[in-house]
Amino acid sequence: MVGPWLLEQLTASPTRAGLWLALSFMLSGAATLVTRLIAPELERPVRVVRWVQIPYVGLILGGLSPRLMGLTDIGWDSRYIGGVVVLAGLLVLLLLIRIWLHTEASQTAAIALTGRSWSPSLIESCAQEFHWCFLRGAVWDFLLFSASASLSPHYWAVWVGAAISLPGIYVQPLPLSDRLLTTVVLVTTSSLFLITQSFWLCCLLHLGIRIILLWSQPARQGAL
């Protein structure tokens with residue numbers, strides 16, 4: 001079943017979102033395999049480029065919808081206002097919890113946040129959220145033309161996109177705790193996307209979580 005579908009998408013018009021999903025899957029597997037065999041130290045930057053490359057080309061060629069990816073301008077209606085309230089509440093709650101946990105754990109542990117350790121993680125977070133919104137938008141577009149009218153394309157696109165993202169999280173050579181944290185970020189930003197349908201607010205939430213966690217961790221060699 002997967003083979004004929006993949007072949008159909010690869011021979012489809014570049015205005016079909018399924019084509020970009022199929023290309024993303026193929027490039028993901030190929031890039032991971034090649035970099036791990038030839039240059040494992042390049043796996044992280046290659047992954048960041050891959051997260052942005054396919055969605056960007058798809059947007060330029062008209063195969064992906066900026067609206068479905070949440071890239072359109074923010075309109076301050078009740079949906080966005082509610083999303084901002086949820087975003088702010090989550091970040092404040094997380095900040096209070098991390099301050100409390102850090103204070104309880106150690107009063108003397110050094111906390112450092114250097115530009116070298118901070119910037120790559122934030123760039124990677126932006127690229128990762130952009131890729132997640134690409135998956136949500138592409139699946140949404142695909143469901144609009146192929147799913148039953150009784151289904152909610154927006155709802156299912158968000159969670160199918162999240163399910164597609166999970167394998168990419170757990171094949172990364174990271175500690176299990178980091179993978180679980182990324183899963184929590186995925187679920188949280190997916191829930192916010194359900195409310196706001198905005199990449200910008202999801203990216204702010206993603207960055208906010210990363211900043212809070214980096215700020216509250218002791219400095220360590222090779223920290224993200």
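A residue counts as buried when its relative accessible area is under 20%, and this cut-off is applied in the legends below to a predicted model.

**Figure 1. Close-up of Gln 128 in helix H5 of the predicted model**. With a relative accessibility of 6%, Gln 128 falls under the cut-off and is therefore classed as buried. Once neighbours within four places in sequence are set aside, the residues in contact with Gln 128 are Trp 51, Gln 172, Thr 182, His 206 and Arg 210.

**Figure 2. Close-up of the largest nonpolar core, which has 39 residues**. Within this core, Leu 64 and Phe 134 are the residues that touch the most other members. At least two core residues are supplied by each of H2, helix H4 (78–105), helix H5 (115–146), helix H6 (153–170), helix H7 (176–196) and helix H8 (199–215), and the largest share, 10 residues, comes from H5. Not counting residues up to four places away in sequence, Phe 134 touches Trp 20, Leu 21, Ser 24, Ile 54, Pro 55, Leu 64 and Met 69. In soluble globular proteins, nonpolar side chains tend to be buried together.

**Figure 3. Close-up of helix H2, residues 17–38**. The 22 residues of H2 should span 32 Å at 1.5 Å a residue, and the C-alpha atoms at its ends lie 31 Å apart, which agrees with that expectation. The buried residues of this helix are Ala 17, Gly 18, Leu 19, Trp 20, Leu 21, Ala 22, Ser 24, Ala 31 and Thr 35; among them, Trp 20, Leu 21 and Ser 24 are touched by Phe 134.

**Figure 4. Close-up of the segments where pLDDT stays under 50, residues 107–118 and residues 218–224**. For residues 107–118 the model has 17 contacts beyond four places in sequence, while for residues 218–224 it has 10 such contacts. Across the elements of the protein chain, confidence is lowest in helix H1 (residues 2–10), with a mean of 51, and highest in H6, with a mean of 91. The chain as a whole averages a pLDDT of 78, and 74% of its residues score at least 70.

**Figure 5. The setting of these views in the protein chain, which has eight helices and zero strands**. Of the 224 residues in the chain, 39% count as buried. Where contacts join residues at least 6 apart in sequence, 72% of them link residues at least 24 apart. The accessible surface of the chain comes to about 12100 Å², and 71% of that surface belongs to carbon and sulfur atoms.

How values were computed
Residues numbered from 1 in each chain as written. Predicted model: local features only at pLDDT ≥ 70, side-chain atom pairs only at ≥ 80, totals over all residues. Heavy atoms only, no water. Helix = DSSP H or I, 4+ residues; strand = E, 2+ residues; numbered from the N terminus. Expected span 1.5 Å × (residues − 1). Buried < 20%, exposed > 50% of the residue type's maximum accessible area, 1.4 Å probe, protein only. Core = buried A, V, L, I, M, F, W, Y, C linked by side-chain atoms within 4.5 Å. Contact = heavy atoms within 4.5 Å. pLDDT = per-residue confidence, 0-100. Areas by Shrake-Rupley, 256 points an atom, 1.4 Å probe, with all protein chains shown as cover.
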